Amino acid sequence: MKEAIEVKAQGDKLVWKLDVDIPPNTEVLAHEGVQAILMYNGMVLNHIRPGRREKVNTKGFFERKDRGVYELYGVNTGKQIQLNWGTRTSPEYKDDGYGVVLQVKCYGRCTARVENPGTLFRVMLADGDTLTEEGLKKYVAEKLSAACTETVAEVAAEYRDKSRIEASGAQVAEKMMMKFRRLFEENYGLIVEDSSVLGIKVTGAEELDRKTTEIASAKLDSQLSDEGKHQAMNAVDVLKGLNDATSKPAPQSAPAPKQAAAPQQHDYKFCVDCGKKLPLDAKFCSGCGRRQ
């Protein structure tokens, strides 16, 4: 019994041609994660799915004199393909907070794998016998960038706010996931399994931030200056009041009350406080009101 031709994964290759002869009744074994594609005269004749063994070039079909050319290819359907993307041109929007036009830059990555080998195979045929992961990235780079730029422009137009846009990574990733799936399935036979935003940055606001800070700082300095002047004037008034108080002569104490003279045998007497001459029976001074 003839040994089967085994089709195994080969490093970073996504599609590759096997340098083998295929005599009549050849068995082809496609290992897990790999699909084998048999071509006849430049057309896809058979798909041997992962984990399957099938007999090809069976008697009767390829024994004609004009049997033509047949080839065997392998397609890696299990490889995780890491695709990086970013905004090649920064979308612009008018920011509500700054009132000027700013730009948005965004970058991230997604993971894909081959879902429809026939579609990817047709892409590869235009460029040679082998398609590597790096080669695929060159195919999709421009389309990834265009999809990213379109998505970021949509989000920026919706929010129109620097801080909200820079915090919208999850929404951007979800929108791009949907676009990437349509793009890859239709054009490359790939299925996108996840998408993530690694960074969003609004540019053009740095100079505005600096000017805003300078204006706020100058305004604060002015307010502090005015407050300082006000406090200084208050301090001057206080010092002036203190100086006026110290420059006034100290109030003189009231003169000690005069000692009342010993009463004499007269029909009058004198106030014990102010010395006014009073009748002997006066109980209060008619001059100062002092009780006698």
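Below is a chat about the sheets, helices and salt bridges of this predicted model.

Biologist: Let's start with the five strands. In what order do they sit in the sheet?

Modeller: The order is β5-β4-β7-β2-β11, in an open sheet with antiparallel pairing.

Biologist: Which strands stand at the edges?

Modeller: That's β5, residues 43-48, and β11, residues 131-132. Each has a single partner strand, so one side of each has no neighbour in the sheet.

Biologist: And how many bridges hold β4 and β5 together?

Modeller: Five, in the antiparallel sense, with β4 covering residues 34-40. To pick out one pair, I37 has H47 in β5 as its bridge partner.

Biologist: Which strands does helix α1 lie across?

Modeller: Helix α1, residues 117-125, lies across β2, β4, β5, β7 and β11. Relative to β4, α1 runs at about 60°.

Biologist: Let's zoom in on V75. Where is its place?

Modeller: V75 is in strand β7, which spans residues 70-76.

Biologist: Buried or exposed?

Modeller: Buried, since the relative accessibility of V75 is 0%.

Biologist: What is V75 in contact with, leaving aside its neighbours within four places in sequence?

Modeller: The list is L14, V15, W16, G33, V34, Q35, I37, V114 and P117. One of those, I37, is the residue that bridges to H47 in β5. Separately, the C-alpha atoms of V75 and K8 are 9.0 Å apart, with their positions 67 residues apart along the chain.

Biologist: Switching topic: what's the strand order in the sheet of three?

Modeller: It goes β1-β3-β6, again an open sheet, but the pairing is mixed. The twist from one strand to the next averages 25°.

Biologist: What does "mixed" come down to, pair by pair? How do β1 and β3 run?

Modeller: β1, residues 5-7, and β3 run parallel, joined by three bridges. On the other side of the account, β3 and β6, residues 53-56, run antiparallel with four bridges.

Biologist: Which residues stand opposite each other there?

Modeller: I5 stands opposite V28 in β3. Towards β6, T26 stands opposite V56, and E27 has K55 as its bridge partner.

Biologist: Why is β3 described as largely enclosed?

Modeller: Because five of the five residues in β3, residues 26-30, are buried. T26, V28 and A30 point one way and E27 and L29 the other way, and all are buried.

Biologist: OK, helices now. How do α2 and α4 pack?

Modeller: At an angle of about 145°, with the axes 9 Å apart. The crossing of α2 past α4 is right-handed. Their contact is made of 15 nonpolar, two polar and six charged residues.

Biologist: Which salt bridge involves E150?

Modeller: E150 pairs with K179, at 3.4 Å from N to O. E150 is in α2 and K179 is in α4, residues 169-188, so the pair ties together parts 29 residues apart in sequence.

Biologist: How accessible are the two ends?

Modeller: They differ in class: E150 counts as partly exposed at 44% relative accessibility, whereas K179 is buried at 15%.

Biologist: How many salt bridges does a search of the whole structure find?

Modeller: It finds 15. Among them, R160 and D96 have their closest N and O atoms 3.5 Å apart. R160 sits in the loop between α2 and α3, and D96 in the loop between β9 and β10, so this pair links parts that are 64 residues apart in sequence.

Biologist: Are those two buried or exposed?

Modeller: Neither, strictly: R160 is partly exposed at 42%, and D96 is partly exposed at 49%.

Biologist: What about R52, which residue does its side chain meet?

Modeller: E54, in a salt bridge of 3.8 Å from N to O. R52 is partly exposed, with a relative accessible area of 44%.

Biologist: Last one: which residues are linked in a network of salt bridges?

Modeller: K79, E133, E134 and K137 are linked that way.

Notes: Residues are numbered from 1 along each chain as its sequence is written. This is a predicted model: local features need pLDDT of at least 70, side-chain atom pairs count only at pLDDT 80 or more; totals for chains, interfaces and linings use all residues. Side-chain values use heavy atoms; hydrogens and water are left out. Two strands pair if DSSP finds at least two bridges between them. Helices (H or I, at least four residues) and strands (E, at least two) are DSSP runs, numbered from the N terminus. Contact means heavy atoms within 4.5 Å. Axes are lines fitted to C-alpha atoms, for helices over the stretch in contact, and angles run from 0 to 180 degrees between N-to-C directions. A salt bridge is a side-chain nitrogen of Lys or Arg within 4 Å of a carboxyl oxygen of Asp or Glu. Buried means under 20% relative accessible area, exposed over 50%, partly exposed in between (1.4 Å probe, protein chains only). A crossing is left-handed if the near helix is turned anticlockwise from the far one by less than a right angle, and right-handed if clockwise. Ala, Val, Leu, Ile, Met, Phe, Trp, Tyr, Cys and Pro count as nonpolar, Asp, Glu, Lys and Arg as charged, and the others, Gly among them, as polar.
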